[in-house]
Amino acid sequence: MFLSKKEESVCTVAFYNVENLFDTKDNPKTLDDDFTEDGKKRWDNKRYTQKLKKISSVISQLGVYRSKIPPAIVGLVEVENAKVVADLVNSSYLKKHHYGFVHYDSPDERGIDVALLYNKQVFEFIASETFPVFLEDDEGERDYTRDILKVSGNLNGELVHILVNHWSSRREGADETEPKRITAAQTARSIVTHIKDKEMDPKIIIMGDFNDDPTSKSIKEYLVQDDFFNPMKDLLEKGKGTLTYNGKWNLFDQIIFSNNFLEKKDNQLYFVYAEVFQKKWMRVFKGKFKDSPFRTYIGKWYQGGFSDHFPVYAFLKKKN
């Protein structure tokens, strides 16, 4: 299958927090007991299969109204292992779209990892590696979290580096946990510096669930400096978000680009547009959670939804 010139000219890049995409088997090395057949969530094969179907159906629709095919690359977080990512790309909605994937096991205590899907007809994989984020708890012990994944490859023939992030949550409080996210931002910046030391004017995409908004200190002061721009800031100012907390929208899921994506040069990719994918059928339709993401669980109660986050996506175009 070869892509038409029209399909080649616009491609979609996306990011999705898929909310606890676990298989049904217990991993004795991680805290995944709830997501087993005998666990608190009663996570069985039927629910797992339904989850795969819903997530893959969403991914298959991201950006297709303009790029005509599903995303060239999709960053994922909250995947348990390589098996669940393989099951996702081999699902009925995605199997025909030629996805490969990159995944590494991370040291996160819950056993959730980050990964990247890529359409092998649009993205030529070159290399990948992971970078740990070194955190400490109140006792000075190592606080294990998700690594940052770096993937390099040719996107529509142009070398691009992608960083996939999943920063520490706000569970113990936004202010109390802010230093952890600042450390993650500093780690991401060190990766950017490493790339720039080896390459002149590299094209870099930083995506992830940052557990902070575009206006938060970790993002606007530590991550997005003069060499990057964040299209998600405008979306937040328009009242858009990817998740809700206490009735308030946050835009924790973001795709951030190096400034050279703003340059419209011949035969080079440039940024066009970014958006949150939030169709009506992905939302809660009534009650106190109305219009928030239709998630898989609320507490221990199974809802059968998609995720507690909406995905985000952006269009890149090549000037011919």
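## An exposed acidic loop

Asp138 is exposed, because its relative accessibility of 80% is over the 50% cut-off. This is a predicted model. Asp138 sits in the loop that runs between β5 (123-131) and β6 (148-155). On the surface, Asp138 joins Glu136, Glu139 and Glu141 in a patch of negative charge.

Lys120 is exposed too, at a relative accessible area of 52%. The loop between β4 (113-119) and β5 holds Lys120. Leu155 is 35 residues away from Lys120 along the chain, and their C-alpha atoms are 9.7 Å apart.

## Salt bridges across the chain

Side chains of opposite charge can pair when their charged atoms come close. The model has 16 salt bridges. One of them pairs Asp108 with Arg146, with 2.9 Å between the closest N and O atoms. Asp108 is in the loop between β3 and β4, while Arg146 is in the loop between β5 and β6, so this bridge ties together parts 38 residues apart in sequence. Both Asp108 and Arg146 are buried.

Glu158 and Lys203 form another salt bridge, at 2.9 Å from N to O. This pair links distant parts of the chain, 45 residues apart: Glu158 belongs to strand β7 (residues 158-166), and Lys203 to the loop between α5 and β8. Glu158 has a relative accessible area of 12%, so it counts as buried. Lys203 is buried at 5% relative accessibility.

## A partly exposed pair and a network

Asp291 and Arg283 also make a salt bridge, and here the closest N and O atoms are 3.9 Å apart. Asp291 is partly exposed, at 35% relative accessible area. Arg283 is partly exposed as well, at 26% relative accessibility. Elsewhere, Glu19, Lys51, Arg295 and Asp308 are joined into one network by salt bridges that share partners.

## Buried polar side chains

Asp227 occupies the loop between α6 (217-223) and β9 (228-229). Its relative accessible area is 18%; Asp227 is therefore buried, since the cut-off is under 20%. The Asp227 side chain makes a polar contact of 2.9 Å with the side chain of Arg189. A polar contact of 2.5 Å joins the Asp227 side chain to that of Lys196.

Asn250 is part of strand β11 (residues 248-250). Asn250 is buried, with 5% relative accessibility. The side chains of Asn250 and Asp213 share a polar contact of 2.9 Å.

## A buried methionine

Met282 lies in the loop from β13 (269-276) to β14 (297-298). At 2% relative accessibility, Met282 is buried. Val58 is 224 residues from Met282 in sequence, yet the two C-alpha atoms are 8.9 Å apart in space.

## Positive phi in two loops

Most residues other than glycine have a negative phi. His98 is not a glycine, but its phi is positive, at about 60°. His98 is in the loop between α4 (82-89) and β3 (99-103). This residue, His98, is partly exposed at a relative accessible area of 32%.

Asp201 is not a glycine either, and its phi is positive, at about 50°. The loop between α5 (174-198) and β8 (204-209) contains Asp201. Asp201 is partly exposed, with a relative accessible area of 48%.

Methods. Residues numbered from 1 in each chain as written. Predicted model: local features only at pLDDT ≥ 70, side-chain atom pairs only at ≥ 80, totals over all residues. Heavy atoms only, no water. Patch = residues over 30% accessible without salt bridge, like charges linked within 9 Å, V, L, I, M, F, W, Y side chains within 5 Å. Areas by Shrake-Rupley, 256 points an atom, 1.4 Å probe, with all protein chains shown as cover. Salt bridge = Lys/Arg side-chain N within 4 Å of Asp/Glu carboxyl O. Lys, Arg positive; Asp, Glu negative; His and termini not counted. Charge placed at Lys NZ, Arg CZ, Asp CG, Glu CD. Helix = DSSP H or I, 4+ residues; strand = E, 2+ residues; numbered from the N terminus. Buried < 20%, exposed > 50% of the residue type's maximum accessible area, 1.4 Å probe, protein only. Polar contact = N/O pair within 3.5 Å; in protein donor to acceptor, adjacent residues only side chain to side chain.
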